[in-house]
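Reader: I'd like a close look at one part of this protein, the second largest pocket. Could you walk me through what lines that pocket?

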Amino acid sequence: MIHESAQATDALRGIFITFEGGEGAGKTTHIRFLSETLRAHGREVLCLREPGGTEVGEQLRAVVLDPANGGMSDEAELLIYEAARAQLMAQVIAPALARGAVVLCDRFTDSTVAYQAYGRGLPRMFVDRVNEFACQGVHPDRTILMATGGEANVGLVRATHRGAADRLEQAGEEFHARVNEAFLEIARRDPERVRVVVSDGNKSQTAAAVFAELADLFPWMAQVVDDDPAFFDRLDVKRSKVEA
């Protein structure tokens, strides 16, 4: 059901929301649920992932995540991510925001800082500069940091239980521990933009927390969280059916 007053309030401009977190934090589920709800409220929504989202980006994704490319240098890894981002920004994100769409992106510049600066040890100042170059002046309105609340290996087990680990997932627990700590540090430094949501509980609880952190951008979300907590229960039902 479309709420006309809410649509009139938040349909005036494009809104850019990114989801961040370590491996297996649950970003995909909550991006999907959020996108379905936004569309039901009359918004155009684009769901993207990094690297990827364009033909060029998907080809670069295959290269940078392929375990066969174990000899790739850290510098090359960084520049592949930035090349994919520059293409995504120019081809998809910037035009979508210009026409008033909501863009939901699974990973963005914070991941580059966490993985390539903190994880790989590349100079933070240089990583920040190439991020700015690739983003062409566009920055997220809000970032949801999905945190597992546990050790790095908890998320890794979640991420890899359905298949072989990709090149980044194979980087080891110490690497991913640095990445997870980096995300928390990013959130501490920029609490207005980056909101931490612990994803260890029920999916319904996590979804309600995500909506609460976006309610200033979409005022109708506060009403959903306050007046209809059962709205989120469908996520737990879906999970139970799958497990059964």
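Author: Here is the pocket, with a little background before it. This is a predicted model, where local features need pLDDT of at least 70, side-chain atom pairs count only at pLDDT 80 or more, and totals for chains, interfaces and linings use all residues. Residues are numbered from 1 along each chain as its sequence is written, and side-chain values use heavy atoms, with hydrogens and water left out.

The protein has eleven helices and five strands; these are DSSP runs numbered from the N terminus, helices being H or I with at least four residues and strands E with at least two.

Now the pocket itself: the second largest one holds about 300 Å³ of space. A pocket here is an open set of points on a 1 Å grid over the protein atoms alone, where a 1.4 Å probe fits, with protein on both sides within 12 Å along at least five of seven lines; lining residues have an atom within 4 Å of a point. The volume is the space filled by probe spheres set on the points, which are joined across faces, edges and corners.

There are 18 lining residues, and Thr109, Asp110, Val113, Asp128 and Arg193 sit closest to the centre. Helices H5 (109-119), H6 (124-135) and H8 (173-189) each give two or more residues to the lining, with H6 supplying the largest share, five residues.

Chemically, you get eight charged, seven nonpolar and three polar residues in that lining. Charged means Asp, Glu, Lys and Arg; nonpolar means Ala, Val, Leu, Ile, Met, Phe, Trp, Tyr, Cys and Pro; the others, Gly among them, are polar.
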